[in-house]
Amino acid sequence: MELFVGQAGFDREFHFPLPSYEARTEILDIHTRKWKDPPSDELKKELAASCVGYCGADLKALCTEAAIRAFREKYPQVYSSDDKFVIDVDSVQVEKYHFLEAMSTITPAAHRGSIVHSRPLSQVVGPCLKRHLEGVMDRISDVFPFINEDVSKYSLLSFGSAIPLVYRPRLLICGDDFGGLDHVGPAVLHELEKFPVHSVGLPSLLSDASAKTPEEALVHIFGEARRTTPSILYLPQFHLWWETAHEQLKAVLLTLLDDLPSNLPVLLLGTSTVSFEQLDKDCASIFTSRNTYQVDRPSKEDRSRFFDALLEAVVSLQKEESKTKSKDPKTVTELPKVPKEVSGPKPAELKARAEAEQHAVRRLRMCLRDVCNRILYDKKFSMFHYPVAEEEAPDYRLVIPNPMDMATVLQRVDSGHYLTRCSFMKDIELIASNAKAYNGTERPEAYRIVSRACELRDVVEGMLSQMDPTLVSFCEKIAEQGGPLHFEEVDTAGSILQSNPVAQLAVITRTSARLRNVQPEVNLSQSYEVLKRQKRSTENEQLVMSGAAKDDKGPNTDPDLMRPDSTQAEPTEEPNSNGPENSLSIPEVSSSSLPGNRTKDVEMSDADFTDKLESIKQRFMELTEEYGVPQLEILYTKVIRGLISAKNREARQDSKQFTVRYLFRFVEEANNF
């Protein structure tokens with residue numbers, strides 16, 4: 001772009017970056033404000049934080065795809081039938097999971113042409129790394145104050161500024177393999193998304209198609225960073241970069257860093273899985289000990305927040321499953337069909353048809369008139385130009401009952417008597433047959449008149465053969481239906497719209513009512529009332545069964561069936577040698593080890609459920625004292641996957657009992673840790 005600006009003589013360049021977090025929130029609000037139940041402000045902010053790299057068109061496509069998925073879930077019958085149904089569009093609810101499913105099918109604009117390094121903290125590791133993210137942002141705000149709103153007006157101050165706001169802003173984030181450094185670095189870039197980020201990592205240098213060598217790509221990236229200040233230079237895996245790069249590339253990096261003015265607002269942000277003390281001594285010239293931040297393993301408080309989020313996800317999964325079962329997605333409600341209406345052509349269609357037919361007949365008249373005029377101008381056919389006078393042939397009317405001549409044919413053409421070529425040709429043939437009938441073929445003088453009449457017929461046939469075949473066939477269809485439509489019939493809506501019972505335009509009112517969002521006069525709640533009656537009868541049966549179960553309950557029955565010591569001993573499996581990273585063992589939950597009836601779930605109060613979850617959390621805390629972020633991620637995945645798998649195998653409705661039983665079994669299984 002710089003080369004183009006210099007050669008073309010342009011002195012100004014306008015850069016339109018991707019929308020920021022606030023802009024994405026406003027765009028989502030614009031595309032959902034006309035919904036009857038738009039997403040909440042919290043959901044829009046959460047979506048805006050997750051849609052990093054989305055342009056305005058991507059956000060519009062996200063809202064559209066989410067609405068389509070919600071509609072397909074509410075009314076699947078529309079996609080499996082060709083019939084038209086009466087539906088209530090306002091009853092379609094677009095939930096959060098609809099947006100998440102839509103995001104999995106959309107590739108944002110920033111991800112199509114380049115690698116995006118920024119991403120927010122996931123809900124899994126967010127509780128563990130939120131403390132470090134806040135600490136890193138505090139350190140960055142000290143060395144790079146442009147992230148604060150009160151100094152944003154000084155963002156244009158760069159090289160040569162009289163008011164220095166920064167001094168060589170640099171920060172190196174260090175941590176081991178268990179600290180979650182691969183999440184912290186992209187999360188920091190996500191918080192700094194309003195600044196242009198230029199990656200100087202080895203993959204970015206080697207993938208630059210405009211540069212022949214990594215050194216040339218590095219120089220180009222530094223030039224872009226200086227041109228777009230305030231900006232960020234991102235150097236991931238700094239220890240690997242320094243160990244792998246050759247001496248020339250290292251020298252270029254050091255030279256470019258030294259050439260940057262000390263007050264230039266370009267932040268150098270790096271990450272390293274090796275501590276600062278273990279780095280090469282030459283790195284001290286790039287990062288100092290004061291410009292480092294150490295990411296340690298999750299503390300006890302971090303793990304406590306992690307397991308709170310895990311148990312909250314488990315409870316939400318249990319509630320979502322109960323809600324899904326109550327909806328009974330397998331039962332598809334039969335929708336009322338739109339009554340078929342007998343409708344004819346619309347007035348606009350009739351008008352267009354009339355115009356087309358009138359145009360075709362007009363073209364036919366022009367062709368036939370041209371034929372008549374050419375015959376009338378030809379003197380050799382002068383004997384057939386006008387009617388035979390009585391002075392010339394007094395007995396002509398007695399011999400020829402139906403006389404015909406070219407002048408009469410021309411009058412019929414002008415009056416619209418001929419609708420087809422055949423009808424015109426019949427009158428021409430009538431002229432030849434009349435000449436033959438009156439003059440005969442015995443006398444030579446009379447036969448010359450007959451021969452001239454036959455010549456007239458052949459000449460006219462030759463002229464008519466040059467007509468457009470499409471026009472000829474169209475005129476024949478017009479003649480079959482009784483003639484062309486006329487404009488006065490379409491405009492006045494008299495003879496056609498009223499006499500033709502097929503075109504019942506006054507009946508078509510339901511379509512316009514649907515377009516005006518007026519509810520149709522159809523009882524849409526009839527099927528739902530039936531479901532409500534069935535649900536009410538089912539609850540009554542459950543109450544009766546609950547009372548019978550209480551009467552039949554023996555005195556030796558253990559009231560607490562969810563303690564881990566009350567379960568039957570099961571043979572333990574040998575631990576997998578590959579470790580938890582390669583094998584996600586899912587504990588088996590048999591139906592025989594679960595509570596015996598559904599009344600147990602009703603008897604279990606929320607307080608008891610909370611107490612049992614707290615005891616499970618304490619057990620998790622004891623077993624994961626030495627866990628790092630990767631191990632906690634694997635544990636989170638195992639718990640959720642195991643719960644979903646067990647729910648699919650178990651068809652019982654006691655969700656709280658089942659969830660607590662599964663978690664107790666999980667923490668007691670040694671292979672899971």
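Good morning. The largest cavity in this structure has a volume of about 90 Å³. I should say at once that the model is a predicted one. Counting cavities of 30 Å³ or more, there are four.

Allow me to stay with the largest cavity and its walls. Its lining includes Arg168, Pro169 and Arg170. Leu233 contributes as well, together with Leu257, Leu260, Pro261 and Leu264. The list is completed by Val266, Leu267 and Leu268. Which element supplies the largest share of this lining? That is strand 4, residues 266–272, with three residues. As for chemical character, nine of the lining residues are nonpolar and two are charged, while no polar residue takes part.

I now turn to a pair of helices. Two packed helices are described by the angle between their axes and the distance between the axes. Helix 2 spans residues 21–32 and helix 3 spans residues 41–50. They pack at an angle of about 125°, and their axes lie 9 Å apart. An angle over 145 degrees would count as roughly antiparallel, and 65 to 115 as roughly perpendicular; helix 2 and helix 3 are therefore oblique to each other. Their crossing is right-handed.

Which residues meet where these helices pack? On the side of helix 2 they are Tyr21, Arg24, Thr25, Leu28, Asp29 and Thr32. On the side of helix 3 they are Lys44, Lys45, Leu47, Ala48 and Ala49. Sorted by class, this contact comprises five nonpolar, two polar and four charged residues.

To close, please keep two items in view: the cavity of about 90 Å³, and the oblique pairing of helix 2 with helix 3. Thank you.

Definitions and conventions
Residues numbered from 1 in each chain as written. Predicted model: local features only at pLDDT ≥ 70, side-chain atom pairs only at ≥ 80, totals over all residues. Heavy atoms only, no water. 1 Å grid on protein atoms, 1.4 Å probe; cavity = no way out; pocket = protein on both sides within 12 Å on 5 of 7 lines; lining within 4 Å. Points joined across faces, edges and corners; volume = space filled by probe spheres on them. Helix = DSSP H or I, 4+ residues; strand = E, 2+ residues; numbered from the N terminus. Nonpolar A, V, L, I, M, F, W, Y, C, P; charged D, E, K, R; others polar. Axes fitted to C-alpha atoms, helices over the stretch in contact; angles between N-to-C directions. Parallel < 35°, antiparallel > 145°, perpendicular 65-115°, else oblique. Left-handed = near helix turned anticlockwise from the far one by under 90°. Contact = heavy atoms within 4.5 Å.
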